[in-house]
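Trainee: Before I rely on the words used for this molecule, I would like to hear how each of them is justified.

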Amino acid sequence: MSKPDLFRSVLAVAACKAARGLLRLRGSGGTAAPGKVAMFFAKNILERTSAGMDIIVVTGTNGKTTTCRMLEHAVTQAGYPCLANKSGANLLSGVTAEISCNADWLGRPKTKHAVIECDEGALKQVVPLIHPKVIVVTNLFRDQLDRYGEITHTRDAIRTGIEKVPESILCLNADDSLVASLAENVPNKVVWYGCNTPIGDQKEPEVSDAKYCIHCGAPYRYHYHTYAHLGDFYCPSCGYHRHEPEVAVTKVEEMSASGTAARILAGGEEAKVTIGLPAVYNLYNAVAAIAAGMAYGLDRNGIYASLKDVHSSFGRMETFRTGAVTTQMILVKNPAGCNQALSYVAAMQEDLAAVFCLNDRTADGHDISWIWDADYEMLMKAPHLAKIYVSGDRAEDMQLRLKYAGADPAKITILRGDEKILEMAKASTLPVFILPNYTSMLSLRKVFSDATGGSDFWK
């Protein structure tokens, strides 16, 4: 490295560390702005500060944060210090901030191992700089149409990133026809994961972002579904079909609010694995983490053990003790993920209160029409739904949606502001389930975390 380049690197790292320190003194996370400061002094500082690291990158529509948490925990439990962008700042600036703040003053990484969450649209910017050992793609669902456009645009953006790192091992969801297509015409080694068993009612998917074959346009058929457009798909016209996964759920033995027990096939052997998180989508996150961890070189049994005590990441199945009862926060941001959250809450066997928070800010996507594609009806008809609350910038829109889903408008209460939701939760004699979208989750989580002694979202 030339002296001018070294000088710019030193300046960029110093500026990044200083910016984060100042922002956190002011109570801000300092998750993205320090990266922008660093890139001002050295455009590709991320390449310098990540050189020599072994990195797993996780991308996709849903499940990125939780899969990263599972992987980070597995790496740490294996005895390796592990860097992770826990805050969820997953654009180029956020990844740059996290990795550059981890470097020494000369820009050399201080940690060998890292698990990095990466936005689908930012993958093509990030991976050529950090050269990940493993790339995980969780799933592809319609999300933020005003930002991403059609779902095939998102897939193509991920493909562009993959094409820039042919040396990276790909861990792909075999049950997602869109994700599976990423393996075509690339030299990368591919490890497949999925579910080898049907889950839930075997009916036409309530939300399908991939009804038609990407090769010939014929409607897909399924041997079985799991949820949304995921499952054992095949095209009766051209023969495009699901790959047999090397890591797979073979049987769900028990699923409760506290976690899941399942039989999982990996490395040619089947074992019972306990996952410390509930819901079907966390089964997918778990097999994604197992596949990626093994591709990374971790011991299979060590990964299994780490999944038992994995904790929820912020706002994703996160539970707060707010008084006599608990409050659980479940992030929802698109129809597919929302339906899984609704199904989970609808399966509860006790009376409960549900809070629906909806904003339409830039990070959420300004188009909220997706709420009309989500199946709120399944929860509105549940006999144990005792109380209904709505909040957020678009509370009235949510109120209207719930009315059309079958809720009695007179039973819906609008709560203005996060503090009002906290007051309600503290006074509630019923367990509370909050389903917020992204920006409403961030502000609400801070209020609940501050009130219950939790940690800041970036920790």
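Mentor: We will go through one sheet and one pair of helices, keeping in mind that this is a predicted model.

Trainee: What makes β12 and β16 the edges of the open sheet?

Mentor: The 6 strands follow the order β12-β13-β17-β14-β15-β16, with mixed pairing. β12 (316-321) and β16 (412-414) each have a single partner strand, so one side of each is left without a neighbour in the sheet. From one strand to the next, the twist averages 20 degrees.

Trainee: How do you know that β14 and β15 pair, and in which sense?

Mentor: Two strands pair if there are at least two bridges between them, and strand β14 (residues 352-357) and strand β15 (residues 385-391) share 6 bridges in the parallel sense, so they count as paired. Leu352, for example, has Leu385 of β15 as its bridge partner.

Trainee: Why are helix α4 and helix α11 called oblique to each other?

Mentor: The axes of α4 (residues 64-77) and α11 (residues 300-308) come within 9 Å and cross at roughly 120 degrees. Roughly perpendicular covers 65 to 115 degrees and roughly antiparallel begins over 145, so a crossing at roughly 120 degrees falls in neither class and is oblique. The crossing is also right-handed.

Trainee: Which residues make this contact, and how do they divide into nonpolar, polar and charged?

Mentor: Met70, His73, Ala74 and Gln77 of α4 meet Ile303, Ser306 and Leu307 of α11. The residues of this contact divide into 4 nonpolar and 3 polar, with no charged.

How values were computed:
Residues numbered from 1 in each chain as written. Predicted model: local features only at pLDDT ≥ 70, side-chain atom pairs only at ≥ 80, totals over all residues. Heavy atoms only, no water. Helix = DSSP H or I, 4+ residues; strand = E, 2+ residues; numbered from the N terminus. Axes fitted to C-alpha atoms, helices over the stretch in contact; angles between N-to-C directions. Left-handed = near helix turned anticlockwise from the far one by under 90°. Contact = heavy atoms within 4.5 Å. Nonpolar A, V, L, I, M, F, W, Y, C, P; charged D, E, K, R; others polar.
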